[in-house]
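Q: I'm new to reading protein structures. Could we go through one together, feature by feature?

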Amino acid sequence: MTQRPVLPGFHPDPSTCRVGETYLLATSSFEYAPGVPLFSSTDLRSWEQIGNVLDRPSQLDVSKAGPSGGIFAPTLRHHDGRFWMITTNWSDDGGQLLVHAEDPAGPWSEPVRIPSAIGIDPDLAWDDEGTCLMTYAGFGPHGGEGIVQSAIDPLTGEVLTERRQIWNGTGGKFPEGPHLYRIGEWWYLLIAEGGTERGHAVTIARSRTPHGPFEGDPANPLLTSRGTDSPVQNTGHADLVQRPDGSWAIVYHGVRARGSSPEWHVLGRETFADEVTWTDGWPVLTGHVEPAAGTGAVVETVEGSDLPVSWVGASCHLGEVVTGEDGGWRLTASGDGPVFVGRRQEHLFAVVRARLAVTGTGGLSLRIDPRHALDLEVSDGTVRAVWAVGDVRHELGRAELTGEAELELRALPSQGHEFSTARGPDRVVAGVVVDGGFTALGEVDGRYLSTEVAGGMTGRMAGVVSSSGSVLVRSFSYLGADDPAVVGGGAADPQPWAS
């Protein structure tokens, strides 16, 4: 890969702002809670997650959010001494959701809701008189209405003006993801269009007023990978930010698609960044902003009862299903069906291992969603490798257990010929660990755990599932890298934990 993400794994729809020397960045989170992960950086290259904006059930209800429901694209801004975040919870019919905080690490306020503003991807900007403008992709009775705008009171959510249509983009489908900026004498409107698949793009327009009329950049699109051989595809949904020295950068999402044509991506839409210069009053992208060079290997070990800030629950908050215990933490199934908690697969290749004591049915899972997953399912002293593809759940293999289960899932390089249709993005192997040795129970082509097969807006997650009863998690380890040699990907039976 010739371009590396600044936030790898499922981190789409980035929005950023700067206060002093510090950049803050938020991304969408869909059905997972806590929602809207929040990151901090001083160089736009390396980011640390400092929390989640919507970290409690009173702010975020995802109970009715199925796969790719819930929280869509956020906008993060700093104005008049406060941080503001606005987004859409598409699963609770409450309209746009707006919170604020004095400190980005929290606590964030209880949300105000704007139910009359039907649409997605809301943005906040303040005009020269201090009026707050909410710009978003509007939905009407007959479908999309393009980019629309209303003045609002951000503390109450009151809509102060009728919404007006301000731009439809350059002709691509789904004009969305607007961000409005005052830069010099111009107001700039940055949007995404073309759909968030291979035709995705970023376009920009400008006006002397924040309400338009907006004139598009003659050089549009500002950013796209469509029709190119770039290893990063589906590029779009961007946000501009100015550095303290006056230079500019842009963050956006894209995917790293792999395998034979038409290629598949498994990690979801990741956050990338580029340098920006200005020519004749228009922004121009001039080069990539990337993390510092290195192996890129990440090891995360979860022991004890404290889960990392990056961990989330699917259609639930962690506190609703996870309890701490001596020597680990317990995940308990709900009456509504299986419960999943976990973390993002953030690397092209990864190995996940967990030691579990299962009461009922549960185990380890690598998934896009429950219908596109490879599970190691433990029940009654037996572990089964179960492949879910659509409505089919197929057992690949099984083994008897003596004592607690030590389970392992591996995302390894595809072994198909370069020009063969058998070459997927990777291969996913499921097995058990006994006396330090790994025994495979089954393997699937990674394309079946990709967005192109599963559909939707998210990426792979690795974690623990409880289908009935509960699962006591003694330990959970994640090893990830974009270099397959780090996870032992070149060998028939790699032993990545041996060292």
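Q: Let's start with a strand pairing. Which residue in S5 is the bridge partner of Pro37?

A: Keep in mind that we're looking at a predicted model. The general idea comes first: strands of a sheet pair through backbone hydrogen bonds, either parallel or antiparallel. Here, Pro37 has Asn52 in S5 as its bridge partner. Strand S4 (residues 35-41) and strand S5 (residues 48-54) are joined by 5 bridges and pair in the antiparallel sense.

Q: What sits between S4 and S5 in their hairpin, and which residue there takes a positive phi?

A: The hairpin has 6 residues between the two strands, and Leu44 takes a positive phi near 70°.

Q: Which other strand is joined to S4 by bridges, and how many are there?

A: That's strand S2 (residues 22-26), which runs antiparallel to S4 and is joined to it by 4 bridges. To find a spot to look at, go to Leu24, which stands opposite Ser40 in S4.

Q: Is S4 mostly covered or mostly open?

A: Mostly covered: 7 of its 7 residues are buried.

Q: Now a whole sheet. In what order do the strands S6, S7, S8 and S9 lie?

A: Read across the sheet, the order is S6-S7-S8-S9; these 4 strands form an open sheet with antiparallel pairing. At the edges you'll find strand S6 (75-79) and strand S9 (112-114), each pairing on one side only. From one strand to the next, the twist averages 25°. If you zoom in on S6 and strand S7 (residues 82-88), you can follow an antiparallel pairing over 5 bridges. His79, for instance, stands opposite Arg82 in S7.

Q: How do I read aromatic pairs, and how many does the structure hold?

A: A pair of aromatic rings is described by the distance of the centres and the angle of the planes. This structure holds 13 aromatic pairs. One of them is Phe30 with Phe72, a tilted pair with 5.2 Å centre to centre and 50° between the planes. Phe30 lies in the loop between S2 and strand S3 (32-33) and Phe72 in the loop between S5 and S6, so the pair ties together parts 42 residues apart in sequence. Both Phe30 and Phe72 are buried. They also belong to a cluster linked by ring pairs, along with Phe10, Tyr32, Trp90 and Phe139.

Q: Why is the pair of Tyr188 and Trp278 edge-to-face?

A: Look at the angle: the planes of Tyr188 and Trp278 are at 70°, with the ring centres 5.2 Å apart, so the pair is edge-to-face. The cut-off is over 60 degrees. Tyr188 is in strand S15 (residues 186-193) and Trp278 in strand S21 (residues 270-279), 90 residues apart. Tyr188 counts as buried at 3% relative accessibility, whereas Trp278 is partly exposed at 27%.

Q: Where can I see a charge over a ring, with Arg410 for example?

A: Arg410 lies over the face of Phe438, at 3.6 Å from the ring centre. You can also look at Arg258, whose charged end sits over the ring of Phe349, 5.5 Å from its centre.

Q: Last one: where does UniProt place the feature "active site"?

A: The unreviewed UniProt entry places it at Asp13 and Glu176. They span 164 residues in sequence, yet their C-alpha atoms are no more than 10.9 Å apart, so they gather at one spot. Asp13 is in the segment before strand S1 (15-19) and is buried, with a relative accessible area of 5%. Its contacts further along the chain include Phe30, His237 and Arg269. Glu176 is in strand S14 (residues 176-183) and counts as buried at 15%.

Conventions
Residues numbered from 1 in each chain as written. Predicted model: local features only at pLDDT ≥ 70, side-chain atom pairs only at ≥ 80, totals over all residues. Heavy atoms only, no water. Pairing = 2+ DSSP bridges. Axes fitted to C-alpha atoms, helices over the stretch in contact; angles between N-to-C directions. Buried < 20%, exposed > 50% of the residue type's maximum accessible area, 1.4 Å probe, protein only. Phe/Tyr/Trp six-rings, centres within 6.5 Å; stacked < 30°, edge-to-face > 60°. Lys NZ or Arg CZ within 6 Å of the ring centre and 35° of its normal. UniProt positions renumbered as here; feature names shortened; annotations may be inferred. Contact = heavy atoms within 4.5 Å. Lists of a residue's contacts leave out its neighbours within four places in sequence.
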